[in-house]
Amino acid sequence: MWITTDQAIDIYARYCKARFGARATKMTRARVAELRQSGDVEGERIWSEVSRRVEEQPCLAQEPALSS
């Protein structure tokens with residue numbers, strides 16, 4: 001099964017949001033900056049799109065903490 005770059009970006013954006021929650025936007029923007037600084041134009045373009053899609057996703061509800 002082959003997936004397109006667009007599908008991969010969407011999958012990774014959903015993963016970042018689920019894994020990192022509120023920190024996802026900050027983390028993806030940091031990656032964009034790293035790639036920009038290193039001169040990786042294509043990587044910067046792709047991660048910019050990942051970051052944009054992370055920002056578009058609704059915030060996931062926090063699970064309540066267990067009290068002891």
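**Helix packing in a predicted model: close-up views**

**View 1. Helices H2 and H3 are roughly antiparallel to each other, because their packing angle exceeds the cut-off of 145 degrees.** In this predicted model, H2 packs against helix H3 (residues 41-56) at an angle of about 165°, and the two axes are 9 Å apart. The crossing of H2 past H3 is left-handed.

**View 2. Residues at the contact of H2 with H3.** On the H2 side, the contact is formed by Ala-24, Thr-25, Thr-28, Arg-29, Arg-31, Val-32, Leu-35 and Arg-36. The H3 side contributes Gly-43, Glu-44, Trp-47, Ser-48, Val-50, Ser-51, Val-54 and Glu-55. By class, 6 residues of this contact are nonpolar, 5 are polar and 5 are charged.

**View 3. Surroundings of Ser-51, a residue of helix H3.** Ser-51 has a relative accessibility of 5% and therefore counts as buried, the cut-off being under 20%. Neighbours within four places in sequence being set aside, Ser-51 is in contact with Thr-25, Thr-28 and Arg-29. These three residues also belong to the H2 side of the contact with H3.

**View 4. Packing of helix H1 (residues 5-20) against helix H2 (residues 24-38).** The helices meet at an angle of about 130°, with 9 Å between their axes. H1 is therefore oblique to H2. Cys-16, Lys-17 and Phe-20 of H1 make the contact with Ala-24, Met-27 and Thr-28 of H2. This contact comprises 4 nonpolar residues, 1 polar residue and 1 charged residue. Ala-24 and Thr-28 take part in the contact with H1 and are also listed in the contact of H2 with H3.

Methods:
Residues are numbered from 1 along each chain as its sequence is written. This is a predicted model: local features need pLDDT of at least 70, side-chain atom pairs count only at pLDDT 80 or more; totals for chains, interfaces and linings use all residues. Side-chain values use heavy atoms; hydrogens and water are left out. Axes are lines fitted to C-alpha atoms, for helices over the stretch in contact, and angles run from 0 to 180 degrees between N-to-C directions. Helices (H or I, at least four residues) and strands (E, at least two) are DSSP runs, numbered from the N terminus. Angles under 35 degrees count as roughly parallel, over 145 as roughly antiparallel, 65 to 115 as roughly perpendicular and the rest as oblique. Contact means heavy atoms within 4.5 Å. Ala, Val, Leu, Ile, Met, Phe, Trp, Tyr, Cys and Pro count as nonpolar, Asp, Glu, Lys and Arg as charged, and the others, Gly among them, as polar. A crossing is left-handed if the near helix is turned anticlockwise from the far one by less than a right angle, and right-handed if clockwise. Buried means under 20% relative accessible area, exposed over 50%, partly exposed in between (1.4 Å probe, protein chains only).
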